[in-house]
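Reader: I would be grateful for a close look at a single part of this chain, with each term explained as it arises.

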Amino acid sequence: MLPKIIELKRTIEARGLRALIEVDGGVSPDNIVDLDRAGAQIFVAGSAVFDKGDPRRRARGLVNQMSRAQRQG
């Protein structure tokens with residue numbers, strides 16, 4: 001998935017387009033930062049949030065993980 005996102009981001013930039021890249025499916029705590037760094041800007045994380053316990057805590061965890069990664073650069 002990462003190579004496709006990287007290529008899509010390059011294409012969007014090369015053509016001067018204004019488009020957001022969304023990843024719907026397969027988003028998890030293990031890959032959300034890599035997806036962001038590759039160029040994705042919208043994340044749909046159904047299973048990562050709802051499959052294992054407290055969805056509010058799990059969603060907050062994904063947001064916090066992204067926030068930490070963005071602060072670190």
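**Residue A48 and its surroundings**

Author: A48 has a relative accessible area of 9% and is therefore buried; buried means under 20% relative accessible area, exposed over 50%, and partly exposed in between, with a 1.4 Å probe and protein chains only. The model is predicted, so local features need pLDDT of at least 70 and side-chain atom pairs count only at pLDDT 80 or more, while totals for chains, interfaces and linings use all residues. Residues are numbered from 1 along each chain as its sequence is written, and side-chain values use heavy atoms, with hydrogens and water left out.

A48 belongs to helix 3, which covers residues 46-50. Helices (H or I, at least four residues) and strands (E, at least two) are DSSP runs, numbered from the N terminus. The chain contains four helices and two strands, and their order from the N terminus is α-β-α-β-α-α.

Which residues does A48 touch, if those up to four places away in sequence are not counted? They are V27, S28, P29, R58 and L62, where contact means heavy atoms within 4.5 Å.

One of these partners, S28, lies in the loop between strand 1 (22-24) and helix 2 (32-38). S28 counts as buried because its relative accessibility is 18%. Leaving aside neighbours within four places in sequence, S28 is in contact with A48 and L62.

L62 leads to helix 4, where L62, M66 and A69 are buried. Seen down the axis of helix 4, the buried residues fall within an arc of 65 degrees, so they line one face of the helix; the arc is that of the directions from the helix axis to the C-beta atoms. These buried residues pack against helix 2, strand 2 (42-44) and helix 3. On the face turned away from the buried side, helix 4 carries the exposed residues R56, V63, R71 and Q72. From C-alpha to C-alpha, V63 is 12 Å from A48 in space, and the two are 15 residues apart in sequence.

Helix 4 itself comprises 18 residues (55-72) and reaches 26 Å from its first C-alpha to its last, close to the 26 Å expected at 1.5 Å a residue. That expected span is 1.5 Å times one less than the number of residues in a helix.

As for the whole chain, 26% of its 73 residues count as buried, and its C-alpha atoms fill a box of roughly 45 × 25 × 20 Å along the principal axes.
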